[in-house]
Amino acid sequence: MVLNILLLIVLLICLITDLKNRKIYNNVIFPSLLLTFILHFIFDGWSGLGFSLLGFIVGFSILLIPYFLGGMGAGDVKLLALIGAIKGMQFVLITSVYMALLGGVIALFVLFFRKGAFQRIKSIFYTMSCFRSGVKLPLFLDKEGLKATYPYGVAITGGALLSLFYKGWIL
């Protein structure tokens with residue numbers, strides 16, 4: 001129960017700061033991580049600490065490659081690692097599936113509802129119809145539409161909340 005409350009508080013703070021400043025702060029992540037390790041050790045001893053460390057490593061590993069490729073911020077990686085430390089490996093794996101689905105939906109909204117969306121949609125359909133006819137044309141998309149970014153902490157938070165509520169792990 002205490003860990004669920006900690007998770008909800010961290011998610012709320014990180015969601016607000018990511019939306020407002022496009023940052024997930026170490027001042028939130030690191031003290032929460034230390035508190036998580038201490039609480040797991042107090043509640044379950046060494047096995048609880050091992051459970052938390054395994055979740056941390058798995059959560060950290062999931063977003064490490066996208067971070068190295070430049071598609072993810074370091075705060076997003078640390079937030080998912082913290083979620084894994086709080087709730088464990090199974091939870092962070094389920095969260096990552098929901099996170100990826102939500103992230104894809106959000107990315108589509110960003111792609112299609114920013115400036116020049118009609119031109120992007122028209123270009124996609126034109127290229128698809130040419131491809132169907134056997135004519136291969138490059139996809140004529142403006143570079144600005146493809147470089148649009150959004151705070152991925154929204155998808156991470158949504159994935160964690162869906163995992164909490166769907167599996168009944170909220171209480």
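Which residues form a nonpolar patch on the surface? The points below answer this and then turn to the helices of what is a predicted model.

1. The patch. Val2, Leu34, Ile38, Ile42 and Phe43 form a nonpolar patch on the surface. Together these residues have about 490 Å² of accessible area. Helix α2 gives the most to the patch, with four residues.

2. One residue of the patch. Isoleucine 38 is located in helix α2. The relative accessible area of isoleucine 38 is 41%. Buried means under 20% and exposed means over 50%, so isoleucine 38, at 41%, counts as partly exposed.

3. The chain as a whole. The protein chain has eight helices and zero strands. Read along the sequence, the pattern is α-α-α-α-α-α-α-α. The chain has 171 residues, of which 40% count as buried. The accessible surface of the chain comes to about 10,200 Å², and 73% of that surface belongs to carbon and sulfur atoms.

4. Contacts along the chain. Consider the contacts between residues at least 6 apart in sequence. Of these contacts, 69% join residues at least 24 apart.

5. Length of helix α4. This helix covers residues 74-87, which makes 14 residues. At 1.5 Å a residue, α4 should span 20 Å. The end C-alpha atoms of α4 are 20 Å apart, so the expected span and the model agree.

6. Cover of helix α4. Of the 14 residues of α4, 12 are buried, and the helix is mostly covered. Among the buried residues are Asp76, Val77, Leu79, Leu80 and Lys87. What covers the buried residues of α4 includes α1 (2-21), α2 (26-62), α3 (64-68), α5 (89-113) and α8 (153-166). Helix α2, which gives the most to the nonpolar patch, is thus named here too, as part of the cover of α4.

7. Length of helix α8. The same check can be made on α8, which has 14 residues and should span 20 Å at 1.5 Å a residue. The end C-alpha atoms of α8 are 19 Å apart, which agrees with the expected span.

8. Cover of helix α8. The buried residues in α8 include Gly153, Ala155, Ile156, Thr157 and Leu164. The buried residues of α8 pack against α1, α4 and α5.

9. After the two helices. Just after α4, glycine 88 takes a positive phi of about 100 degrees. Just after α8, glycine 168 takes a positive phi of about 75 degrees.

Terms used. Residues are numbered from 1 along each chain as its sequence is written. This is a predicted model: local features need pLDDT of at least 70, side-chain atom pairs count only at pLDDT 80 or more; totals for chains, interfaces and linings use all residues. Side-chain values use heavy atoms; hydrogens and water are left out. Helices (H or I, at least four residues) and strands (E, at least two) are DSSP runs, numbered from the N terminus. The expected span of a helix is 1.5 Å times one less than its number of residues. Buried means under 20% relative accessible area, exposed over 50%, partly exposed in between (1.4 Å probe, protein chains only). Contact means heavy atoms within 4.5 Å. Accessible areas come from the Shrake-Rupley method with a 1.4 Å probe; for residues, only the protein chains shown count as cover. Patches are made of residues with over 30% relative accessible area and no salt bridge: like charges are joined within 9 Å, nonpolar side chains (Val, Leu, Ile, Met, Phe, Trp, Tyr) within 5 Å. A salt bridge is a side-chain nitrogen of Lys or Arg within 4 Å of a carboxyl oxygen of Asp or Glu.
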